[in-house]
Amino acid sequence: MVAAADAQNYAQKLGITHDMVVQELGWDEDTDDELRVAVEDAVGEEMVDEDSDEVVDVVLLWWRDGDGDLVDALMDAIGPLSDDGFVWVLTPKTGQPGHVEPSEIAESAPTAGLTQTSAANLGNWSGSRLVQPKARAPKR
């Protein structure tokens, strides 16, 4: 019962609610199925994959050391993102295979035009929430 409550809490920690469109990128055998199920239960449908052409509210980007260039992945992730949408970069925790240093996310986000706003503890994974800046001031 506790595991189910924790898993349901994952969607709350991620700010994911009913009727949001969630895109999942970087799925692999090591992703956390409890977290995935909690997100799908919260939104009421399956997550869309990278081939979707829908506008999405949230992107879950599973990211591991060795997956490539995080800036490129973030640029791809924000393409279908709604104006108020956000990206969660999910990385294995310290000591887990594929762990990514938080500094890599902190350095990559601004290059991709994103700002890190919060972090979440998600079982064996850590999440970093990235948002697009609000409308820029008009040029003079």
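This briefing describes the sheet, the helix packing and one loop residue of the structure above. The model is predicted. Its five strands form an open sheet of mixed pairing, in the order β1-β2-β3-β5-β4. Helices α2 and α4 both pack on this sheet, and α4 is also packed against α3.

**Sheet architecture**

- Strands β1 and β4 stand at the edges of the sheet; each has a single partner strand, so one side of each lacks a neighbour in the sheet.
- On average, neighbouring strands are turned by 20° against each other, with direction ignored.

**Strand β5 and its partners**

- Strand β5 comprises residues 125–131, and five of its seven residues are buried, so the strand is largely enclosed by the rest of the structure.
- Strand β3 (residues 81–92) runs antiparallel to β5 and is joined to it by seven bridges.
- Within this part of the sheet, Trp-88 stands opposite Arg-129 of β5.
- Strand β4 (residues 115–122) also pairs with β5 in the antiparallel sense, over seven bridges.
- Thr-115 stands opposite Val-131 of β5, and Gln-116 has Leu-130 of β5 as its bridge partner.
- The hairpin of β4 and β5 has two residues between the strands, and Gly-123 in this hairpin adopts a positive phi near 70°.

**Helices on the sheet**

- Helix α2 (residues 33–43) packs on the sheet and touches β1, β2 (56–62), β3 and β4.
- The direction of α2 makes about 175° with that of β2.
- Helix α4 packs on the sheet with contacts to β3, β4 and β5, and its direction makes about 20° with that of β5.

**Packing of α3 and α4**

- Helix α3 (residues 70–78) packs against helix α4 (residues 102–111) at an angle of about 50°, with the axes 9 Å apart.
- This geometry makes α3 oblique to α4, and the crossing of the two helices is right-handed.
- From α3, the contact is made by Leu-70, Val-71 and Leu-74; from α4, by Glu-104, Ile-105, Ser-108, Ala-109 and Thr-111.
- By class, the residues of this contact divide into five nonpolar, two polar and one charged.

**Asp-19 in a loop**

- Asp-19 lies in the loop between α1 (2–13) and β1 (22–25).
- Its phi is near 75°, a positive value in a residue other than glycine.
- Asp-19 has a relative accessible area of 57%, over the 50% cut-off, and is therefore exposed.

Notes: Residues are numbered from 1 along each chain as its sequence is written. This is a predicted model: local features need pLDDT of at least 70, side-chain atom pairs count only at pLDDT 80 or more; totals for chains, interfaces and linings use all residues. Side-chain values use heavy atoms; hydrogens and water are left out. Axes are lines fitted to C-alpha atoms, for helices over the stretch in contact, and angles run from 0 to 180 degrees between N-to-C directions. Helices (H or I, at least four residues) and strands (E, at least two) are DSSP runs, numbered from the N terminus. Angles under 35 degrees count as roughly parallel, over 145 as roughly antiparallel, 65 to 115 as roughly perpendicular and the rest as oblique. A crossing is left-handed if the near helix is turned anticlockwise from the far one by less than a right angle, and right-handed if clockwise. Contact means heavy atoms within 4.5 Å. Ala, Val, Leu, Ile, Met, Phe, Trp, Tyr, Cys and Pro count as nonpolar, Asp, Glu, Lys and Arg as charged, and the others, Gly among them, as polar. Buried means under 20% relative accessible area, exposed over 50%, partly exposed in between (1.4 Å probe, protein chains only). Two strands pair if DSSP finds at least two bridges between them.
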